[in-house]
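Biologist: I would like to learn how to read a structure of this kind feature by feature, with the general idea set out before the particular case. Could we take it slowly, with the coordinates open beside us?

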Amino acid sequence: MIKGGVQADKLELTPDGVRSVDPTMPPREQARARIKLAIEDIEIFAKLYDRLLGKALPAKAALVDAAAELGATKESAEEAVDTFILNLRFVGLMLTLSGAERIVSKDIALDKLPPSLDLAPAAVQTSTSGSASLVTAEHAQFSTTCFYITPIGSPESEQRKHSDLFLGSFVEPALASFGMSVVRADGIDKPGVITKQIIEYIVKSRLVIVDLSYHNPNVFYELAIRHMMRLPIVQIVRKSDPIPFDINQMRTIVIDTTDIFTLIPKIASYQSEISSQVRRALENADEVETPISTYFPQLRANLV
């Protein structure tokens, strides 16, 4: 940002430094300069950013290990991570989405700024309605995808906050060690209704996690489709919602959200329980039992 060292007669801002502080610069141009200085021009930060793009911010210990792997010394790795996180927040590359702090693309960060006359390509409109990016079924890697069936609700609704909490605090952390990406209905290009693409995720994804909370009709409809496929599935539900008779014979992880004092101490336990069920489901992917398979063992839906 600054040219000249301690021996120089005067210090001078670099061109990027000027753009980052000049109040007359268009907001997007100023933001690009700040992102370049804070992240892109620092080799370790740029590599960490590329590795984390589109993901929830991992635990600090994992970030410290990653920084050391990328070349930071043992003594400087923790300080580097602290600075990296602060820089991400400062330049708008870390936002709270779907119940967790996530590293977002430069386009998304720029779209949060006031409109200006800046028509550079980086200003392409990108949705930030609740997911770090939109994924079409045509580009999905179903073999490494977990589709999360959940009552989403409208923005700011109780159901949306519930879904964000479960996604960011339980589902994604539980799947971190499996190398799988989690997709929710509002993360594909036609969210909100039972479209061809949503059904395609239900029948093709390697794993489905379904949240039975709130007794949402769409959730049970989508669950029935997955049951017909007899593919790996994990069920979760909040404690206050009874599990309907038709599906209560399937193992379901019950999460007690009675109050914050009950929930917080058990977060790690719930994550571990979900991870355990995911592992069992994936290990027995060809022997999935559902209420349908119990009574009609020869009935199985197949993709032609």
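**Reading the fold, the salt bridges and a pocket**

Modeller: Let us begin with a helix and its surroundings: the cover over the buried residues of α8 includes the strands β5 (145-149), β6 (181-184) and β7 (207-211), together with the helix α9 (217-229). Please keep in mind throughout that this is a predicted model.

Biologist: Which residues of helix α8 are buried?

Modeller: In α8, which spans residues 196-204, the buried residues are Gln197, Ile198, Glu200, Tyr201, Ile202 and Val203.

Biologist: How should I place that helix within the whole chain, and how many helices and strands are there?

Modeller: The protein chain has 12 helices and 9 strands, and of its 304 residues 44% are buried. The accessible surface comes to about 16400 Å², with 56% of that area belonging to carbon and sulfur atoms. If one takes the contacts between residues at least 6 apart in sequence, 62% of them join residues at least 24 apart.

Biologist: Can we follow such a contact at a single residue, and what does valine 219 touch beyond its neighbours in sequence?

Modeller: Valine 219 sits in helix α9, and it is buried because its relative accessible area is 2%, where the cut-off for buried is under 20%. Once the neighbours within four places in sequence are set aside, valine 219 is in contact with Ile149, Thr150, Pro151, Val210, Asp211 and Leu212. For isoleucine 149, which is 70 residues away along the chain, the C-alpha atom is separated from that of valine 219 by 6.2 Å.

Biologist: And where is lysine 55 found, and what does it contact outside its sequence neighbours?

Modeller: Lysine 55 is in the loop between α3 and α4, and with a relative accessible area of 48% it counts as partly exposed. Apart from neighbours within four places, lysine 55 is in contact with Glu101, Arg102 and Ile103. Its C-alpha lies 5.9 Å from that of isoleucine 103, although the two residues are 48 apart in sequence.

Biologist: Let us turn to charged side chains. How many salt bridges does the count give, and how do I read one within a helix?

Modeller: The count comes to 21 salt bridges. For the case inside a helix, the general idea is that an α-helix has 3.6 residues a turn, so residues three or four places apart point the same way. Here lysine 47 and glutamate 43 both belong to helix α3 (residues 43-52) and stand 4 residues apart, about one turn of the helix. Their side chains meet in a salt bridge with an N to O distance of 3.0 Å. Lysine 47 is partly exposed at a relative accessible area of 37%, whereas glutamate 43 counts as exposed at 55%.

Biologist: What, then, of salt bridges between helices, and which parts does the pair of glutamate 29 and arginine 19 tie together?

Modeller: The side chains of glutamate 29 and arginine 19 meet at 3.9 Å, N to O. Glutamate 29 lies in helix α2 (residues 27-40) and arginine 19 in helix α1 (residues 15-21), so the pair ties together parts that are 10 residues apart in sequence. Glutamate 29 is partly exposed at 27% relative accessibility, and arginine 19 is partly exposed with a relative accessible area of 27%.

Another salt bridge joins the side chains of aspartate 82 and lysine 60, at 2.9 Å from N to O. This pair links distant parts of the chain, 22 residues apart, with aspartate 82 in helix α5 (residues 77-91) and lysine 60 in helix α4 (residues 60-69). Aspartate 82 counts as partly exposed at 33% relative accessibility, and lysine 60 counts as partly exposed at 34%. Salt bridges can also share partners, and in this way Asp16, Arg19, Glu29, Arg32, Lys36 and Asp41 are joined into one network.

Biologist: Finally, how does one read a pocket, and how much space lies in the second largest pocket?

Modeller: Rolling a probe the size of a water molecule over the atoms shows where empty space is left. In this model the second largest pocket holds about 420 Å³ of space. It is lined by 18 residues, of which Ile233, Met250, Arg251, Gln277 and Glu289 are the closest to its centre. The elements giving two or more residues to that lining are β8 (233-238), α11 (267-283) and α12 (291-295).

Biologist: How do the lining residues of the second largest pocket divide by character?

Modeller: The lining of the second largest pocket divides into 8 nonpolar, 6 polar and 4 charged residues.

Terms used: Residues are numbered from 1 along each chain as its sequence is written. This is a predicted model: local features need pLDDT of at least 70, side-chain atom pairs count only at pLDDT 80 or more; totals for chains, interfaces and linings use all residues. Side-chain values use heavy atoms; hydrogens and water are left out. On a 1 Å grid over the protein atoms alone, a cavity is a set of points where a 1.4 Å probe fits but cannot get out, and a pocket is an open set with protein on both sides within 12 Å along at least five of seven lines; lining residues have an atom within 4 Å of a point. Grid points are joined across faces, edges and corners, and a volume is the space filled by probe spheres set on the points. Ala, Val, Leu, Ile, Met, Phe, Trp, Tyr, Cys and Pro count as nonpolar, Asp, Glu, Lys and Arg as charged, and the others, Gly among them, as polar. Buried means under 20% relative accessible area, exposed over 50%, partly exposed in between (1.4 Å probe, protein chains only). Contact means heavy atoms within 4.5 Å. Accessible areas come from the Shrake-Rupley method with a 1.4 Å probe; for residues, only the protein chains shown count as cover. A salt bridge is a side-chain nitrogen of Lys or Arg within 4 Å of a carboxyl oxygen of Asp or Glu.
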